[in-house]
Amino acid sequence: MEKIVNEEQDLELKESIIRTREFLDFLTRYDDLPKFVKLDAESLLKDFPTDYNITRIFNK
């Protein structure tokens with residue numbers, strides 16, 4: 001039972017990370033935002049894990 005709960009939490013966390021990365025990507029491409037918002041989003045996105053790295057983290 002505990003393993004199922006942990007797997008569900010891992011899946012939720014993984015999906016949350018992916019949604020956050022997609023939102024940051026959206027912010028970098030949205031033209032009506034102030035320049036500093038786009039630059040901050042780009043900066044955060046550089047350090048954000050890729051799909052490959054996210055999979056590696058959760059498969060340990």
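Where is the place of Y30? In this predicted model, Y30 sits in the loop between α1 (2–29) and α2 (35–46). Its relative accessibility is 36%, so Y30 counts as partly exposed.

Y30 takes part in an aromatic arrangement at the surface. Across the whole structure, a search returns two aromatic pairs. In one aromatic pair, F26 and Y30 are tilted, with 5.3 Å from centre to centre and 40 degrees between the planes. The angle is neither under 30 degrees, as stacked rings require, nor over 60, as edge-to-face rings require, and therefore the pair is classed as tilted. F26 has a relative accessibility of 39% and counts as partly exposed. Together with F23, the residues F26 and Y30 make up one aromatic cluster. F23, F26 and Y30 also form a nonpolar patch on the surface, and their accessible area together is about 300 Å².

Another tyrosine, Y52, belongs to helix α3 (residues 51–58). Y52 counts as exposed because its relative accessibility is 56%, and the cut-off for that class is over 50%. Y52 and Y30 are 22 residues apart along the chain, and a distance of 25 Å separates their C-alpha atoms.

Charged side chains were examined next. Side chains of opposite charge can pair when their charged atoms come close. The search of the whole structure gives two salt bridges. One salt bridge joins D25 to R29, with 2.9 Å between the closest N and O atoms. D25 and R29 are four residues apart in helix α1, so about one helical turn separates them. D25 is partly exposed, at a relative accessible area of 31%, whereas R29 is exposed, at 54%.

A salt bridge is also formed by D31 and K38, whose closest N and O atoms are 3.7 Å apart. This distance lies within the 4 Å cut-off, and the contact therefore counts as a salt bridge. The two partners fall into opposite accessibility classes: D31 counts as exposed at 63% relative accessibility, while K38 counts as buried at 18%. The value for K38 is assigned to the buried class because that class covers relative accessible areas under 20%.

Negative charge is also gathered in a patch on the surface, made up of E7, E8, D10, E12 and E15. Of these residues, E15 is located in helix α1. With a relative accessible area of 37%, E15 is partly exposed. Membership of a patch requires over 30% relative accessible area and no salt bridge, and the value of 37% for E15 therefore satisfies the accessibility condition.

Conventions. Residues numbered from 1 in each chain as written. Predicted model: local features only at pLDDT ≥ 70, side-chain atom pairs only at ≥ 80, totals over all residues. Heavy atoms only, no water. Patch = residues over 30% accessible without salt bridge, like charges linked within 9 Å, V, L, I, M, F, W, Y side chains within 5 Å. Areas by Shrake-Rupley, 256 points an atom, 1.4 Å probe, with all protein chains shown as cover. Salt bridge = Lys/Arg side-chain N within 4 Å of Asp/Glu carboxyl O. Helix = DSSP H or I, 4+ residues; strand = E, 2+ residues; numbered from the N terminus. Buried < 20%, exposed > 50% of the residue type's maximum accessible area, 1.4 Å probe, protein only. Lys, Arg positive; Asp, Glu negative; His and termini not counted. Charge placed at Lys NZ, Arg CZ, Asp CG, Glu CD. Phe/Tyr/Trp six-rings, centres within 6.5 Å; stacked < 30°, edge-to-face > 60°.
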